[in-house]
Amino acid sequence: MIKIKSLCIKGFRGVKKELSLELNFKSALLFGDNGSGKSSITDAIEWLYKDSVRHLSSDEIDRKGGLTALRNIFIADIEKSSVEISFTDGSLDSQKSISLKKSNPEVENSNNSDAFVEYIESSKNENLILRYRDLTDFVLSTKKEKLDSLSKVIGFADVSNIRGVLKKAVNEVKSSLKSKNYDNEISQREGQIMTSLNERVVSEEQYVNKINEIIKPLGLEKDVTKLEDIDNILSLFKKSDDSVVIEQRAYYSDVISKINDLQNRINNLLDLYEKYYQSFQKIVQDVETLKKIALNKLWTEGLNVLKGSIIEKDECPLCFQKKDREELIKEIELRLKTLESIKKEKSQLDETKKSVEDALDEIKNVIVGVQTNKYFSSKGNQDIRDFVKSITEYISSISQELGVDILKEQRIKTRDKIIFDMAKLNETSVFCQKRNEVLLSQIKGSKILEIQDKITLSRQAYHDIKRLKKEKEVLEKQKSSLEIIYNAFVQKQKEELEAFINVFSKEIDEYYQYMHPGEKMENIEIKITEKEDELTGITLEFQFFDKSVSPPQKYLSESHLNSLGIALFLTSVKAFNKENHFFILDDIISSFDLNHRKRLSDLLMEKFLDYQIFVMTHERNWFDYMKNLVRGKVDWIINVVNWNESKGAHLNETLVDLKRIIEQRLIDNDKTGLGNIIRIYLEGLLKEISEEIEVYVKYRSNEINEDRMSNELLSELKSKTNKQPCKDIFGPIIDKMISSVFIGNKDSHDSSFDPSIGECRAFWQDVLELEKLFRHDVCNTIISTKYYDKVEKKIRCKCGNFSYDWKN
Amino acid sequence: MDKRVKSGKEILDDFFNNILAIPNVEEKLASQIKKMYEEGKLTNINLSNKLTSLKEEEINDKN
């Protein structure tokens with residue numbers, strides 16, 4: 001996982017010259033007064049990952065434009081603003097900069113590799129930065145926003161989509177089984193067989209036996225053994241004028257079956273139409289919003305243009321009117337969001353419309369079967385033609401309703417107004433039955449025709465039954481499998497979400513309790529809210545004075561809500577950050593009292609030891625507490641962010657930095673400010689030595705403590721070492737330094753002190769000699785009471801190879 | 001906590017990798033759904049069309 005090796009910011013936000021953090025994957029504790037520019041570090045990292053800085057988007061400071069507000073206002077137009085970062089994985093190192101080209105800001109990135117683009121993209125959803133102002137974002141958001149926020153990060157939206165697809169398939173098959181009403185159709189055809197054969201047929205064997213019985217009088221050579229044989233027998237009947245009667249009887253029987261089928265289909269159509277009508281009525285209430293769907297594409301494209309930084313100016317890309325870019329982005333995002341719910345309803349309306357259209361198509365297919373038979377146009381079948389005409393007109397009238405443009409007409413007929421006159425179905429059915437009876441009377445007495453009639457009608461009905469049964473069986477199998485798959489899917493989703501939420505809740509609770517032990521707020525839990533088998537939101541519940549309550553903002557103080565926000569953030573870091581192993585806490589403890597600040601520090605040290613943490617604060621007490629916690633830890637750096645006019649925000653130089661600067665100036669014979677730099681180095685060195693060997697100075701408050709001068713520290717150091725057996729080793733050099741012109745009161749920091757380069761060189765040699773007496777040049781650590789050898793009575797460095805006799 | 005929390009994609013991959021092991025599910029149907037998911041084509045329309053074609057295939061096969 002990724003940690004930051006170094007960060008260098010130039011000309012960006014509060015940094016005018018350069019702010020460099022050589023981290024080497026260590027955590028950083030940074031103190032800075034308000035306005036010192038420490039948040040420039042957070043802004044730089046946020047911009048690098050997210051292309052924007054959230055808190056600037058709505059700030060007055062941003063009125064003049066997004067990218068230009070990121071540039072330091074004191075740098076020249078020709079200078080670049082840049083953020084350079086290097087990582088654990090060197091292939092991701094990058095410098096992102098903003099240059100002004102003809103007054104327009106342009107962004108450049110030195111790393112455009114696929115790996116880097118992919119890394120930045122997957123980092124966008126990670127929890128890297130927590131600022132004070134964002135602390136309660138999640139806690140105070142709505143249930144739906146909480147769900148959306150978590151779903152987005154863990155990718156649950158995809159799970160819900162697939163669940164929707166499976167559910168729709170189950171419903172589609174169920175609806176298909178219902179609308180076809182197979183049992184009714186099968187039973188109707190069984191009735192036809194009963195009429196033809198005077199016997200109820202339940203199996204293929206029984207049917208074949210019955211046919212053999214019927215054809216016995218014909219004295220055929222072979223018996224029927226299977227269904228295909230029946231078709232052969234039918235072809236044996238010579239075509240005669242009388243055969244036409246049998247064909248006509250088959251047609252009327254088929255029309256009767258189809259009418260029976262239509263009855264179910266029309267009822268199903270009306271049910272679907274009712275659903276369509278209800279959806280239509282619901283949307284029509286908010287037709288003004290619906291009209292805006294037409295603008296969806298335009299707004300989405302506009303948003304892409306604005307977000308893609310194609311246009312950096314503060315103007316609308318469509319009408320070119322002056323408009324703050326960030327505000328415009330926000331406004332369009334809001335408009336698109338309001339469209340979401342009506343788009344969902346419109347999509348449901350379109351789906352219902354499709355179901356009505358499908359039902360209409362099925363009816364049309366049945367009618368086509370009636371129309372395409374050659375007997376449809378026979379002279380005596382006017383009743384059937386009238387019936388087909390009326391049902392065709394009916395289909396057309398419903399199609400007309402489906403074609404109503406919701407934006408223009410806003411009204412469709414209710415179900416009551418589109419009822420089909422079912423009497424027509426009965427009348428046509430009765431007509432066909434009567435025609436059948438008349439035709440039957442015409443063939444009465446002719447044995448062969450009677451046999452042909454029985455076989456033809458029963459064979460057609462039996463064929464239909466076989467097809468319907470098969471269709472029903474296949475659909476039922478699909479329904480059963482899909483239901484099992486859907487239920488398993490729902491179970492899986494629920495289990496995983498619950499597992500996640502249980503772990504998540506437990507961790508939030510643990511972190512919160514760590515910061516607030518023994519308080520009457522316990523068992524913080526995330527709960528899912530559901531409606532009609534769908535997830536609708538997430539709430540935060542907890543035990544408050546032994547009573548289960550929600551939401552938190554109703555019961556908790558500001559600082560407790562902030563603690564909850566921190567607990568949520570830290571839990572999210574562990575749960576969701578898969579790429580990055582660092583996070584930033586930017587001035588988050590302002591509302592905390594001392595005790596809770598300490599507890600947060602302890603929590604970070606105990607639970608997030610393996611993370612690279614950036615802690616920034618302007619609270620001196622917390623900084624001091626944290627400093628004591630991390631002092632001596634090799635995986636932390638501590639520094640102070642200051643601001644001045646020439647550099648902007650910058651870090652205090654470390655002893656290593658100062659040593660590098662001093663030695664370079666001595667090589668260059670450059671004495672500008674050198675005396676002061678050496679003195680600052682000496683002060684830093686003396687503070688480090690005093691801390692390690694426990695040189696005590698008179699108590700002063702924290703701010704003044706930072707201003708301890710070298711003369712005071714040298715005197716106390718002399719007093720401490722004078723008590724030691726090795727006092728003669730330290731005495732001469734300490735005395736020499738005390739008497740130096742470099743050591744004086746605080747005024748000697750003034751520019752009036754102007755030593756020569758030779759004096760500087762000599763004094764620097766003394767400083768190095770002093771350092772050499774206390775610091776082991778191999779392990780680079782100062783002798784310390786932490787490594788005191790009680791047996792041999794020696795004080796040692798960390799590696800133990802550098803020591804003095806010492807009385808502790 | 002990392003290892004215990006699955007992303008949405010991991011949950012889906014997990015489910016469809018094991019779909020054939022769900023008892024009492026038609027193998028052919030489950031395989032087709034799995035294939036559609038793996039190809040990124042598991043949508044309403046595609047699944048509906050697939051169900052129709054599977055139904056026709058089975059009716060014509062044995063009838």
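# Two chains and their helices

Me: How many residues does the contact take from chain B and from chain A?

Reply: This is a predicted model: local features need pLDDT of at least 70, side-chain atom pairs count only at pLDDT 80 or more, and totals for chains, interfaces and linings use all residues. Residues are numbered from 1 along each chain as its sequence is written, while chains are lettered from A and ligands numbered from 1 in the order in which they are written. Two residues are in contact if their C-beta atoms, placed from the backbone, lie within 7 Å. The count is 29 residues from chain B and 34 residues from chain A.

Me: Which helix gives the most to the side of chain B that touches chain A?

Reply: Helices (H or I, at least four residues) and strands (E, at least two) are DSSP runs, numbered from the N terminus. H1 (8-17), H2 (27-38) and H3 (44-62) of chain B each supply at least two residues to this side. With seven residues, the top contributor is H3(B).

Me: How do the axes of H8(A) and H17(A) run relative to each other?

Reply: Axes are lines fitted to C-alpha atoms, for helices over the stretch in contact, and angles between N-to-C directions run from 0 to 180 degrees. H8 (residues 182-197) and H17 (residues 447-515) of chain A have axes that come within 9 Å and cross at roughly 160°. Angles under 35 degrees count as roughly parallel, over 145 as roughly antiparallel, 65 to 115 as roughly perpendicular and the rest as oblique. Therefore H8(A) and H17(A) are roughly antiparallel.

Me: Is A:Ser97 buried, exposed or partly exposed?

Reply: A:Ser97 lies in strand S5 (residues 94-101) of chain A. A residue is buried if 20 or more other C-beta atoms, placed from the backbone, lie within 10 Å of its own, exposed if 12 or fewer, and partly exposed in between. A:Ser97 has 19 such neighbours, so the verdict is partly exposed.

Me: How far apart in space are A:Ser97 and A:Gly11?

Reply: In sequence, A:Ser97 and A:Gly11 are 86 residues apart. From C-alpha to C-alpha, the distance is 9.6 Å.

Me: Which helix gives the largest share of the largest nonpolar core?

Reply: A nonpolar core is a set of buried Ala, Val, Leu, Ile, Met, Phe, Trp, Tyr and Cys residues joined through C-beta atoms within 7 Å. The largest one has 70 residues, and A:Ile9, A:Ala44, A:Ala567 and A:Ile584 touch the most other members. Eight residues of this core come from one helix of chain A, residues 558-576: H18.
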